[in-house]
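Please work through the exercises below with the sequence and the coordinates at hand. Each task is followed by a solution in steps.

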Amino acid sequence: MKSLDFDKMAEGLRNWGRWGPEDQRGTLNHIDPAALCRAAAEVKQGKMFNLGIAFDENGPQFGGFRFNPMKYMTAMDQKHSEEFPRSRFNDDVIHMPLQCATQWDAFSHVHYDGQFYNGFSVHEHLSLQGATRCGVEHMAKPGIASRGVLLDIAKLRGVDILPGDYAIKPDDLNEACEAQGVSVLPGDIVAVRTGQIGNLTRGSREQFMSGQPGCHHTCAEWLHDKSAAAICADNVAVEVMNAETYGDEMFLPMHLLCLRDMGLPFGELFDFDALAADCAADGQYTFLLCAPPLNITRAVGSPINPIAMK
Ligand code: UVW
């Protein structure tokens, strides 16, 4: 991908100003009352699936600036009061990168040419205190919930897990929609299954990190055309991590196109395996997806515990 292609694509996808000069919710604005009611109507069977991975020492991180959660007790078997010695309590604390496990990337997670989504200046709005524009608190209020549409690309290709260098293109997404009998409507959250998380949950972090099938950056245009609210995937970065697909300039181009130009949130390290098995069994690939980020002021991402309901 030559820089000219990237810049041309970015220009065509840029949503800056579309929801006003101060907007910090981007494509989440597509989740209007009609989209939310459509999402709620997907709950017909009373089934619930957790789409997160555990926040513990067995996470996918190898260390460095991104490590797995470290949790310890700060109070154990304490008395609240000498007067009531039988009443006891325990407290704990967690030290973890906000990006270490199942998470949303806020728009301030990435940038180029000194600007975040909607043109906010990185120089003015990024400091050690965090991002004073495009922080995750704007995604947390009122939250993230909409209709989720699972596109099971691993199943489409007849494998448990896609090969490590598989780049999912818009044609794959269209084929999955057709095979599953679903369409992505404005305000939907697109959930792309590569199967890769199985290499962590049934394997090891080495197996998981050794390859990362995912979306090719041209999927950004597909999401734009569909007026999708967000995308989430069961890999480390939503997009394929394969230098050959990046071209000669931008690292993780889909991050830049979606988060910075479109204002479209990225959900990473989801686990769709139980949900996918159920969707294959009952043929219902749409569900209510509730995945509010934590309301952490100025954060560039947030851990989440997403829930799908059918
Ligand atoms: C980056 O660090 C840019 O990627 P990710 O969103 O996968 O954490």
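The exercises that follow concern a predicted model.

**Exercise 1. Overall dimensions**

Determine how many helices and strands the protein chain contains, and decide how its radius of gyration relates to the globule rule.

Solution.
- Step 1. The protein chain holds twelve helices and 15 strands.
- Step 2. Its radius of gyration is 20 Å, and the globule rule gives 19 Å for 310 residues. The two values are close, so the protein chain is as compact as a globular protein of that length.
- Step 3. Along the principal axes, the C-alpha atoms fill a box of roughly 70 × 50 × 40 Å.
- Step 4. Buried residues make up 54% of the 310 residues.

**Exercise 2. Salt bridges and their surroundings**

Characterise the pairs Lys44–Glu42, Arg88–Asp77 and Asp278–Lys310 by the distance between the closest N and O atoms, and classify each partner as buried, partly exposed or exposed.

Solution.
- Step 1. Side chains of opposite charge can pair when their charged atoms come close. The criterion applied here is a nitrogen of Lys or Arg within 4 Å of a carboxyl oxygen of Asp or Glu. A search of the whole structure returns 19 salt bridges.
- Step 2. In the pair of Lys44 and Glu42, the closest N and O atoms are 3.8 Å apart. Lys44 has 57% relative accessibility and therefore counts as exposed, whereas Glu42 is buried at 8%. Both residues also belong to a network of salt bridges that links Arg38, Glu42, Lys44, Arg147 and Asp188.
- Step 3. For Arg88 and Asp77, the corresponding separation is 3.0 Å. Arg88 lies in strand E3 (residues 88-95) and Asp77 in strand E2 (residues 70-79), so this pair ties together parts that are eleven residues apart in sequence. Arg88 is partly exposed at 40% relative accessible area, and Asp77 is partly exposed at 48%.
- Step 4. For Asp278 and Lys310, the closest N and O atoms are 2.7 Å apart. Asp278 is in helix H12 (residues 273-282) and Lys310 in the segment after strand E15 (307-309); the pair links distant parts of the chain, 32 residues apart. Asp278 is buried with a relative accessible area of 15%, and Lys310 is buried with 0%.

**Exercise 3. Surface patches**

Identify which residues form the negative surface patch and which form a nonpolar patch that includes a residue of strand E2.

Solution.
- Step 1. A patch member needs over 30% relative accessible area and no salt bridge.
- Step 2. The negative patch consists of Asp7, Glu11, Asp113 and Glu249. Asp7 belongs to helix H1 (residues 3-13) and, at 37% relative accessibility, counts as partly exposed. Asp113 has 64% relative accessibility, so this residue counts as exposed.
- Step 3. The nonpolar patch consists of Met70, Tyr72 and Val93, with about 260 Å² of accessible area together. Met70 is located in strand E2 and is partly exposed at 40% relative accessibility.

**Exercise 4. A covered helix**

State how many residues of helix H11 are buried, and describe the phi angle of the residue just after H11.

Solution.
- Step 1. Helix H11 spans residues 253-262, and ten of its ten residues are buried.
- Step 2. Charged residues appear in this buried set, including Arg260 and Asp261; among the other buried residues are Met254, Leu256 and Cys258.
- Step 3. Just after H11, Gly263 adopts a positive phi of about 70°.

**Exercise 5. Backbone exceptions**

Locate the cis peptide bond, and compile the backbone features of Asp113 and Asn118.

Solution.
- Step 1. As a reference, most residues other than glycine have a negative phi, and most peptide bonds are trans.
- Step 2. Lys141 and Pro142 are joined by a cis peptide bond, with omega about 5°. Pro142 is placed in the loop between helix H4 (137-140) and strand E7 (145-152).
- Step 3. Asp113 has a positive phi near 50° and sits in the loop between strand E4 (103-105) and helix H3 (122-125).
- Step 4. Asn118 has a positive phi of about 65° although it is not a glycine, and its place is the loop between E4 and H3.
- Step 5. The accessibilities complete the description: Asp113 is exposed at 64%, whereas Asn118 is buried at 11%.

Terms used:
Residues are numbered from 1 along each chain as its sequence is written. This is a predicted model: local features need pLDDT of at least 70, side-chain atom pairs count only at pLDDT 80 or more; totals for chains, interfaces and linings use all residues. Side-chain values use heavy atoms; hydrogens and water are left out. Patches are made of residues with over 30% relative accessible area and no salt bridge: like charges are joined within 9 Å, nonpolar side chains (Val, Leu, Ile, Met, Phe, Trp, Tyr) within 5 Å. Accessible areas come from the Shrake-Rupley method with a 1.4 Å probe; for residues, only the protein chains shown count as cover. A salt bridge is a side-chain nitrogen of Lys or Arg within 4 Å of a carboxyl oxygen of Asp or Glu. The place of a charge is taken as NZ of Lys, CZ of Arg, CG of Asp or CD of Glu. Helices (H or I, at least four residues) and strands (E, at least two) are DSSP runs, numbered from the N terminus. Buried means under 20% relative accessible area, exposed over 50%, partly exposed in between (1.4 Å probe, protein chains only). The radius of gyration is taken over C-alpha atoms; the globule rule is 2.2 Å times the number of residues to the power 0.38.
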